[in-house]
Amino acid sequence: MSPTTATAFETARAEGRAALVGYLPAGYPSVEGSIEAITAMVDAGCDVIEVGLPYSDPVMDGPTIQAAAQAALEAGTRTKDVLRVVEAVAATGTPTVVMTYWNPVERYGVERFAADLAGAGGAGLITPDLTPDSGAEWIAAADTHGLDKVFLVAPSSTDERIAMTTAACRGFVYATAVMGVTGARTTTSDLAGPLVARAKATTDLPVCVGLGVSTGDQAAEVASYADGVIVGSAFVRTLLDHADDPAAGIAALRALTEDLAGGVRRA
Amino acid sequence: MTQQVSSFDADAQGYYGGTWGGRFMPEALVAALDELTAAWQDAMADPEFVADFEAICRDYAGTPSRLYHAERLSRQVGARILLKREDLNHTGAHKIRNVLGQALLTRRMGKQRVIAETGAGQHGVASATAAAYFGLDCTVYMGSVDTRRQALNVARMNLLGAKVVAVDSGSATLKDAINEALRDWVASVDHTAYLFGTAAGPHPFPSMVRDFTRGIGDEARAQCLEQYGALPDAIAACVGGGSNAIGLFTAFLDDEDVAIFGFEPGGDGVDTGRHAATIHAGASGVLHGARTYVLQDEDGQTVESHSISAGLDYPGVGPQHAHLAQTGRATYRPVTDTEAMDALALLARTEGIIPAIESAHAVAGAIEVARELAAEKGPDATVLINLSGRGDKDMGTATEWFRLGEPDDETGEPGDETGGPA
């Protein structure tokens with residue numbers, strides 16, 4: 001049985017804390033290197049892992065994730081490599097979802113992707129440019145294979161759209177804390193709290209907050225009102241900053257994870 | 001609801017033929033796209049807005065553009081060639097129609113800032129122009145490869161008061177400029193309108209851009225009937241994203257006897273892989289918010305496109321063109337860089353008109369079509385070409401391509417041909 005996000009969120013909830021959700025793109029600095037990096041994040045306290053599928057046109061990503069994704073593509077990372085990373089990470093027992101723009105899934109074949117993701121032990125998919133009203137094919141495939149469907153809600157979403165979106169989600173709901181692309185920010189958003197409250201009013205699913213968190217203190221702040229804290233660019237930045245010394249990069253990744261894991265525990 | 005424009009309209013969700021188009025966008029932008037959809041539909045149903053748009057196009061941009069019988073070219077080809085002179089519009093291309101419409105809508109929506117992407121710079125210049133006209137702040141995103149090959153247009157945008165941001169990510173061309181503009185918009189959507197430059201992107205952009213450019217075809221159809229008493233046998237336009245093409249095609253979509261041709265940038269030749277012939281050589285996919293034909297690899301990663309024409313150098317295409325291609329209502333063919341440049345030179349020498357390299361693709365393809373039609377119908381066969389823009393901006397490229405400015409005749413010193421002094 002593949003590890004599920006539901007179990008991870010229940011465990012965190014039983015411990016009276018939010019879950020830490022960590023993101024890295026597959027294939028940066030290499031396929032093996034990304035497995036090693038993500039495994040370090042798992043060891044150091046990530047409860048759920050998001051494996052990014054590098055894409056040529058990532059319109060929701062800021063410069064940090066763009067840079068790593070582009071490097072991963074230039075190094076030849078393929079969709080099948082992403083599934084290999086998922087398989088390796090899921091084997092640690094940590095629930096692993098894929099975050100991907102839509103076209104690579106459509107090209108791979110929606111049903112085939114769902115089958116292969118489930119086969120690799122993946123827990124589901126986060127789809128930043130696919131909303132439920134455009135996602136009938138994915139919803140059907142995810143249902144067939146028991147995969148999480150994680151759609152995004154935004155501060156600009158109407159109450160009607162939040163209700164529609166959370167009703168279509170399985171696993172958890174991804175609340176984008178800011179109006180903007182991915183990237184570490186020095187202050188957390190004052191839009192996130194109200195958005196989480198609006199989402200929680202429509203669903204019993206865990207609601208996680210992403211976009212902008214990079215420190216334990218920010219994680220603690222977000223953990224005070226959200227069920228999960230999603231961190232991406234800060235991890236990627238750490239790897240990019242140690243591009244010439246992978247061992248130091250892994251050590252720094254561990255330290256950052258521990259800081260963030262401490263943050264979600266002191267909320 | 002908007003009025004039906006042709007039998008090939010999108011449904012309420014923006015899908016053409018149930019498949020093409022749609023809205024594959026981050027949730028953060030959905031509210032803005034819904035707001036834009038409502039504002040556009042409301043505006044198009046408001047006679048005052050429509051009258052304002054027509055007046056600005058007429059008094060400021062110079063429409064209706066003329067329909068011109070290119071007699072010398074016609075004689076050379078052996079069929080009647082009509083040129084819709086969008087190259088004579090203010091700012092030198094059809095793009096001005098679209099931006100004046102979108103900027104007028106922006107003002108109606110109460111937003112103060114516009115952003116735009118640009119490839120060749122024509123849409124950027126048009127956007128900067130409209131922003132100056134309406135007093136709006138304007139930022140234009142342009143791939144850094146394009147800022148170099150279209151430096152004159154960067155200068156024009158600066159002079160018009162727009163900020164030009166060179167985009168280095170990805171392939172640093174039009175698609176990456178769109179990515180960067182979308183990133184700006186996600187963060188600025190409450191006070192910023194995105195003036196999308198072509199009939200692509202998420203719903204409602206393909207239909208809205210069609211509404212603002214369809215005057216080309218409406219005018220051309222009426223002019224053709226008035227001047228020649230009949231519709232043309234065929235109409236032709238170049239297709240990158242496809243705004244000038246859909247602007248021409250729309251009025252003729254339900255005229256079953258009018259053949260419709262779109263000419264895609266064939267670059268070095270479709271079989272070389274260095275081209276931007278999306279419909280001819282792409283596959284169904286999702287790019288920039290719409291399902292359409294996309295140049296992509298087997299993993300769905302967008303493949304870099306190539307064309308001598310920056311304005312056609314785009315790996316996607318407007319979704320209505322995908323629909324028209326699939327239904328067979330329009331025929332899309334590739335035209336290579338060489339064929340386009342030959343047509344550019346031909347039009348310059350026969351008619352004294354230097355077209356944009358984009359439009360030269362339409363001229364090249366249409367000449368072939370005209371010869372085919374003339375073989376069948378004789379010299380009265382009529383092909384109407386949308387001459388979407390003028391070639392001033394392309395003189396650098398043309399100078400290099402044709403080695404212009406070099407001495408024509410290298411006769412050399414007397415005695416050279418005999419091998420020099422004995």
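A residue counts as buried if 20 or more other C-beta atoms lie within 10 Å of its own. Keep that in mind as you explore this predicted model.

**Stop 1: a strand in chain A.** Select residues 173-176 of chain A, which form strand S7. Which way do the side chains point? Val173(A) and Ala175(A) point one way, while Tyr174(A) and Thr176(A) point the other way. All four of these residues are buried. In a regular strand, side chains alternate between the two faces of the sheet.

**Stop 2: the neighbouring strands.** Now add strand S6 (residues 152-153) of chain A, which pairs with S7(A) in the parallel sense over two bridges. Look for Val153(A), whose bridge partner in S7(A) is Ala175(A). To follow the chain from S6(A) to S7(A), show helix H8 (residues 159-168) of chain A; this β-α-β crossover is right-handed. Next, select strand S8 (residues 207-210) of chain A, which runs parallel to S7(A) and is joined to S7(A) by four bridges. Here Cys208(A) is the bridge partner of Tyr174(A).

**Stop 3: the largest nonpolar core.** Keep Ala175(A) and Cys208(A) selected, and add Val229(A), Ala236(B), Ala370(B), Val383(B) and Ile385(B): of the 227 residues in this core, these touch the most other members. Then show helix H15 (residues 357-377) of chain B, which gives the most to the core, with eleven residues. Color domain 1 (15-60 + 94-209) and domain 2 (63-91 + 214-402) of chain B: both give residues to the core, so it lies between them.

**Stop 4: around one residue.** Finally, center on Ile385(B). Leaving aside neighbours within four places in sequence, its contacts include Ile81(B), Leu83(B), Ala236(B) and Ala366(B).

Notes:
Residues numbered from 1 in each chain as written. Chains lettered and ligands numbered in written order. Predicted model: local features only at pLDDT ≥ 70, side-chain atom pairs only at ≥ 80, totals over all residues. Buried ≥ 20, exposed ≤ 12 C-beta atoms within 10 Å, placed from the backbone. Pairing = 2+ DSSP bridges. Right-handed = clockwise from strand over helix to strand, strands pointing away. Core = buried A, V, L, I, M, F, W, Y, C linked by C-beta atoms within 7 Å. Domains from an automatic or database assignment. Contact = placed C-beta atoms within 7 Å.
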